[in-house]
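Subject: Structure handover

Hello,

The structure you asked about is below. Please load it alongside these notes.

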Amino acid sequence: MDLVFNKLLEHATRLREYLKASAEKISLGEGIERLRRLYKVATSDEEREVLDWHLANLEFSNAGCLSDLSLAHWDQDDQYEMGGDHCFLAGGNSRLVHALCDGVPVLYEKTVKQIEHGEDGVSITVEGDQVFKADMALCTVPLGVLKSRSIMFEPELPERKLEAIQRLGFGLLNKVAMVFPHVFWDEEIDTFGCVNKERSKRGEFFLFYSYHTVSGGPVLIALVAGEAALEFEKVDPAVALHRVLGILKGIYGPKGVTVPDPIQSCCTSWGSDPLCAGSYSHIRVGSSGADYDILAESVNDQLFFAGEATNRAYPATMHGALLSGLREASKILCASENRVNSDYKKYALQKSIRPVDGVLDDLFMEPDLECGRFSFVFSFITPEEQQAPGLVRITLEKHLFPPSKKRKVKGKKNDQEPAAEKIDQQVFHLYATVSQEQATELMASEDDKSRIAFLCKDLGAKLMGYDSTCNVVSSLISGILRARKARKRLEGSKNFKLPL
Ligand SMILES: Cc1cc2nc3c(=O)[nH]c(=O)nc-3n(C[C@H](O)[C@H](O)[C@H](O)COP(=O)(O)OP(=O)(O)OC[C@H]3O[C@@H](n4cnc5c(N)ncnc54)[C@H](O)[C@@H]3O)c2cc1C
């Protein structure tokens with residue numbers, strides 16, 4: 001029957017070549033059934049059951065019912081298949097995951113509810129309303145979760161991405177894991193299977209994996225694929241376990257082997273688990289490999305996507321998920337480099353229009369007005385321009401190192417005091433914008449303290465340091481410089497006397 005099954009698949013490939021575009025609308029299941037009837041194969045009940053076992057195995061590898069898989073594209077990734085044997089990892093695949101996240105901070109129990117993305121970056125809200133903010137985010141939730149719309153994207157994801165999410169299939173595969181008191185099955189084999197009489201149940205415990213050589217204990221895992229995987233989640237786990245044991249007894253009982261009760265067991269229900277809503281992706285009728293690429297597309301170089309369902313060449317696999325993560329890491333690196341470059345350009349632009357260093361010191365060497373700690377420069381050309389904007393500078397002392405107890409340590413006193421004296425008194429300046437009229441009002445205030453209060457409270461001025469002033473009011477500084485030059489020219493022309 002192996003041969004018949006393989007021939008049917010070969011003919012299915014020819015059928016889609018013959019059908020061309022029409023193959024897009026046909027499922028693999030329908031194609032195989034048409035061919036089976038055409039070639040009149042697997043006609044007896046026994047042959048039919050064995051063929052159904054092979055079909056269940058195909059449903060297992062695609063995590064989906066054959067009636068859902070696209071005849072045209074279901075195997076589009078075959079060309080990328082890697083060579084080499086399939087093997088189990090001693091200690092389980094989680095060893096790889098643990099090694100990969102060694103030293104990486106991972107926060108568990110944070111279920112994402114909302115992802116907001118925009119000019120201010122990305123805000124991710126998890127259950128309990130905790131918010132995480134970042135410049136960029138990588139979304140690696142399974143396709144099933146994206147399909148369930150349990151995460152709200154704000155703004156919504158692009159339409160073409162939403163359509164691809166809908167088109168691609170996310171199927172189901174379940175497992176029953178059992179730990180027995182001892183190995184009662186053939187120790188030499190890794191897998192064994194059983195055929196089902198009912199077609200709709202062909203995937204129910206059709207394959208058993210023996211893990212006793214790699215898990216450190218007598219572990220058996222029964223697989224549930226296809227339609228049976230969906231039904232499986234509706235059944236009480238105790239009932240499901242009873243059924244598996246019935247099958248094992250049916251296989252080993254006639255061989256005179258007693259099947260013991262398992263010490264521990266676990267039934268998966270990945271379809272109803274809101275954190276996966278299925279097991280892995282496949283190409284459904286109406287979909288194609290291009291949908292994997294669309295799922296991988298990032299949004300505004302800010303929201304990135306990885307995971308098995310974003311890898312066209314290696315979907316439905318752990319290595320596909322891993323490779324997609326590396327791909328996105330490189331995209332994120334490029335995007336952040338671009339971002340740094342554009343920030344640098346912006347900064348460079350600012351720097352080019354930013355006044356040259358020392359310009360404020362030069363301007364305030366000859367203030368237009370002075371009063372206590374306050375000095376003023378204006379952009380007027382003639383003093384009548386009362387509304388002409390200008391800058392006020394307030395000179396303050398900075399007590400950097402107030403005498404500390406440490407300095408009074410015996411024997412060190414003399415070494416430290418002269419230096420402390422030198423740096424104790426330093427001046428610094430704060431700047432704000434004011435008009436000439438406002439400056440006149442400030443000058444009328446009683447003292448510097450009331451001037452500062454008037455400036456900040458009544459005039460609502462924002463005090464700035466040297467750098468901020470140069471960045472924020474660079475055009476005003478240029479205006480003041482131009483006005484000063486113009487005034488000097490005017491004064492020069494007034495003083496100019498024709499020699500008699
Ligand atoms: C039964 C079975 C057998 C398989 N056998 C093989 C095999 O032999 N070889 C192979 O290569 N591959 C196999 N696979 C497929 C492989 O396991 C997957 O392709 C792979 O794990 C996908 O990785 P991922 O990172 O895309 O998604 P996942 O591993 O599913 O990671 C997604 C993560 O997102 C989390 N998440 C979901 N929603 C949220 C949310 N709202 N907030 C926060 N976190 C969230 C989930 O908890 C999960 O940790 C098998 C899969 C199954 C189910």
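What follows is a summary of the ligand shell, the annotated domain, two sheets and one helix.

The model is predicted, so please read the rest with that in mind.

Ligand shell

The shell around the ligand holds 21 residues, and those that come nearest are Ser279, Gly307, Glu308, Thr317 and Ala321. Two elements give two or more residues to this shell: strand E7 (173-179) and helix H11 (318-353). Of the elements, H11 gives the most, with 3 residues. Sorted by class, the shell has 13 nonpolar residues, 6 polar ones and 2 charged ones.

Annotated domain

UniProt, in an unreviewed entry, lists residues 23-333 as "domain: Amine oxidase". Within residues 23-333 the chain is 33% helix and 19% strand. The C-alpha atoms at the two ends of this stretch are 41 Å apart.

The sheet that contains E7

Strand E7, which gives residues to the ligand shell, also belongs to an open sheet of 5 strands. The order is E8-E9-E10-E7-E11, and the pairing is antiparallel. Strand E8 (191-193) and strand E11 (264-267) stand at the edges; each has a single partner strand, so one side of each has no neighbour in the sheet. On average, neighbouring strands here are turned by 20 degrees against each other, direction ignored.

The individual pairings are as follows.

- E7 and E10 run antiparallel and are joined by 7 bridges. Ala177 stands opposite Ile221 in E10.
- Strand E9 (residues 204-210) and E10 also run antiparallel, joined by 5 bridges. Phe208 has Ala222 in E10 as its bridge partner.
- E7 and E11 pair in the antiparallel sense over 4 bridges. Val179 stands opposite Gln264 in E11.

E10 therefore has E9 on one side and E7 on the other in the strand order. How many residues of strand E10 are buried? Strand E10 covers residues 219-225, and 5 of its 7 residues are buried, which leaves the strand mostly covered.

The four-stranded sheet

A further open sheet has 4 strands in the order E3-E2-E1-E5, with mixed pairing. Its edges are strand E3 (131-134) and strand E5 (152-154); each has a single partner strand, so one side of each is left without a neighbour in the sheet. Neighbouring strands of this sheet are turned by 15 degrees against each other on average, direction ignored. Strand E2 (residues 121-126) pairs with E3 in the antiparallel sense, over 4 bridges. In this pair, Ser123 stands opposite Lys133 in E3.

Helix H14

Which residues of helix H14 (residues 436-444) are buried? They are Gln436, Gln438, Ala439 and Leu442. Seen down the axis of H14, these buried residues fall within an arc of 155 degrees, so they line one face of the helix. Glu437 and Ala444 are exposed, on the other side of H14. As background, an α-helix has 3.6 residues a turn, so residues three or four places apart point the same way.

Where to start

For the ligand, E7 and H11 are the elements to look at, as each gives two or more residues to the shell. From E7, the sheet can be followed through its 7 bridges to E10 and its 4 bridges to E11.

Regards

Note on methods
Residues are numbered from 1 along each chain as its sequence is written. This is a predicted model: local features need pLDDT of at least 70, side-chain atom pairs count only at pLDDT 80 or more; totals for chains, interfaces and linings use all residues. A residue is near a molecule or strand if its C-beta atom, placed from the backbone, lies within 6 Å of it. Ala, Val, Leu, Ile, Met, Phe, Trp, Tyr, Cys and Pro count as nonpolar, Asp, Glu, Lys and Arg as charged, and the others, Gly among them, as polar. UniProt positions are given in the numbering used here, feature names are shortened, and annotations may be inferred rather than shown by experiment. A residue is buried if 20 or more other C-beta atoms lie within 10 Å of its own, exposed if 12 or fewer, and partly exposed in between; C-beta atoms are placed from the backbone. Two strands pair if DSSP finds at least two bridges between them. Axes are lines fitted to C-alpha atoms, for helices over the stretch in contact, and angles run from 0 to 180 degrees between N-to-C directions. The arc is that of the directions from the helix axis to the C-beta atoms.
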